[in-house]
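Q: I've got a structure open in front of me and I'm not sure how to read it. Could you walk me through it?

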Amino acid sequence: MKALCWTGVNETSVESVPDPEILNAHDVIVRVRLSTTCGSDLHLLGGYIPAMRAGDVLGHEFLGDVVEVGSAVRKHRVGDRVVVSSFIACGRCAYCRRELYSLCDNGNPNPAITETLWGFAPGGCYGYSHAMGGFAGSHAEYIRVPYADVGAFAVPDGINDTTALFASDAAPTGWTGADLVGIEPGDVVAVWGAGAVGQMAALAARTRGAERVIVIDRLPERLAQAERYVGAETLDYSAENVPQALRELTGGRGPDVCLEAVGMEAHSAGLQHVYDQVKQQLRIQTDRGAAVREAIHSCRKGGRVFVLGVYVGVLDTFPLGAVMNKGLTVRGAQMHGQRYIPEILARMERGEVPSAHLATHVMPLDDGPKGYQMFKAKEDGCVRAVFRP
Amino acid sequence: MRTTTALAAGGLALAVVLAWRWRGAGDDEAAPDERWLVLTVDRPPEEVAAELSGLLTDEAVEVAIRPAPGDRGSELAVRAVGGTPSRDDLRAALREAKQLMEVGEVLRVDPRPAGRRAATPMGKAMDVATSFAGRKGVL
């Protein structure tokens, strides 16, 4: 089959690779209909997560049709159109039973790497380096889905492919942050990043009772989407002093909740960006923290910060003093897709989760390398490049 | 080119850190049989004891099972009595036993679809790291 492979730093190619096989009784094989780039792929693409091997198949956000079913699968049959959670979870361990699926004890066959780096291993993820299990990704004609009864969800007929695609990762990531951060009715929520995850986090905040949602980015086309599809207020950080603007917008208090949806390659203005870039390139720190610093700085006293952007290791100049002295609650997570996808699909069916607009550039898988280039450079207003194998 | 060099340096540093920590955490010669390897299985102790008899039967392995607090199942501890099996083998067996008891099968990942595996120093380092990744760690 054809697949889009990582071949080196900022290099990908479409190659002929072996078809996936059923390896466990709980597996299904899915023929991919659509598979999208994700901002977190850029960390892999750029070599910031050094657990990639040339030849690895990229992609973790997808939907498709079931074409083969393992002997222990009960929920799915050949022909089902399914959307699949990007994180791989067994559904049976203590973490899964508590609906913390991305923390699954049994979903990562390479636990030593992340145990060594972080103390414990989270679950696995498709196409997301050998640190997250080394599973082949979804930018391919076919993909193997382990624990299919837990991670794959039938898509109701009333939802089109392009909308349902984002129930795989972007929407449940947003839901994870907005739900676990504990939004209360009347809260003012600020979201850093107006990409797909940021927009979905802003939308999810609305479902949890946020009174006002303010989205921060520098790209006008993304801010326009956040205004149009989420009804959010927006701030352009390249033109405004964000903490000052947030204070002005919130009666001097600061946002009650700050959702950071940017991650380890955050851009910022001035010396901070130079400082972070130099330290990251020299591998003195692994992550650039401009967005998370600003979220912590801007958050009101006693407020809550949720880190949704992907970080891999260590960050210099983390404002721990602000966390302690302002009494903040800081939390983070990879997404618990299996927990939120049913709600998201139900809302999509009712037209409450506009997401098809995120797929600004749909193209054949053969154009994958060009798609990643456009997505990385944000050319032509690219919010997400989506591949059709 | 600059990015590639930096990546190689970063990858090498990661490999060194992993090797150092793995040695410290699980080296057979440095810490023979002293520490138990322990994990929590989300099943009641009596069920763990019953199923374990078919999974970890080596007479050279000492096994302890106790209830985990807060409805978290059972804490399962093992250690080799006389130096064998190695801690790496024991760790891998313990992880597999947990998966069998909780899920009913051991998750596999190979063979997997992949493109051309270019022969590079970084690639070699990653191959070495992944060959140990199921048997090493801090467990």
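A: Sure, let's begin with a word we'll need: a residue is called buried when its relative accessible area is under 20%. Keep in mind that this is a predicted model.

Q: How much of chain B is buried?

A: Of the 139 residues in chain B, buried ones make up 40%.

Q: And what is chain B built from?

A: Chain B has four helices and three strands. Starting at the N terminus, the order is α-β-α-β-β-α-α. You can also ask how far along the sequence the contacts reach: of the chain B contacts between residues at least 6 apart in sequence, 69% join residues at least 24 apart.

Q: Let's pick one helix. How do I read helix 3 of chain B?

A: Try its length. Helix 3 of chain B covers residues 87-102, and at 1.5 Å a residue its 16 residues should span 22 Å. The end C-alpha atoms are 22 Å apart, which agrees. Just after helix 3 of chain B comes B:Gly104, with a positive phi near 95°.

Q: Is helix 3 of chain B enclosed or not, and why?

A: Here's the general idea: an α-helix has 3.6 residues a turn, so residues three or four places apart point the same way. Now the case here: 12 of the 16 residues in helix 3 of chain B are buried, so the rest of the structure largely encloses this helix. Among the buried ones are B:Leu90, B:Leu94, B:Ala97 and B:Met101. Charged-looking names turn up as well, including B:Arg87, B:Asp88, B:Lys98 and B:Glu102, which are buried too.

Q: Now the two chains together. How many residues of chain A and chain B are in contact?

A: On the chain A side 52 residues are in contact with 44 of chain B. The area buried between the two chains is about 4,100 Å², and carbon and sulfur atoms give 58% of that. In chain A, the residues that lose the most area to chain B are A:Leu23, A:Arg53 and A:Thr116, together 17% of what that side buries.

Q: What polar links are there across the interface?

A: There are 23 residue pairs in polar contact between chain A and chain B. The rule also finds five salt bridges across this interface. For one to look up, find A:Arg53 and B:Asp127, whose side chains meet in a salt bridge at 2.8 Å, N to O.

Q: Which helix of chain A gives the most to the side that touches chain B?

A: That's helix 3 of chain A, with six residues. By class, the side of chain A that touches chain B has 25 nonpolar, 15 polar and 12 charged residues.

How values were computed
Residues numbered from 1 in each chain as written. Chains lettered and ligands numbered in written order. Predicted model: local features only at pLDDT ≥ 70, side-chain atom pairs only at ≥ 80, totals over all residues. Heavy atoms only, no water. Helix = DSSP H or I, 4+ residues; strand = E, 2+ residues; numbered from the N terminus. Expected span 1.5 Å × (residues − 1). Buried < 20%, exposed > 50% of the residue type's maximum accessible area, 1.4 Å probe, protein only. Contact = heavy atoms within 4.5 Å. Buried area = accessible area lost by both parts, 1.4 Å probe. Salt bridge = Lys/Arg side-chain N within 4 Å of Asp/Glu carboxyl O. Polar contact = N/O pair within 3.5 Å; in protein donor to acceptor, adjacent residues only side chain to side chain. Nonpolar A, V, L, I, M, F, W, Y, C, P; charged D, E, K, R; others polar.
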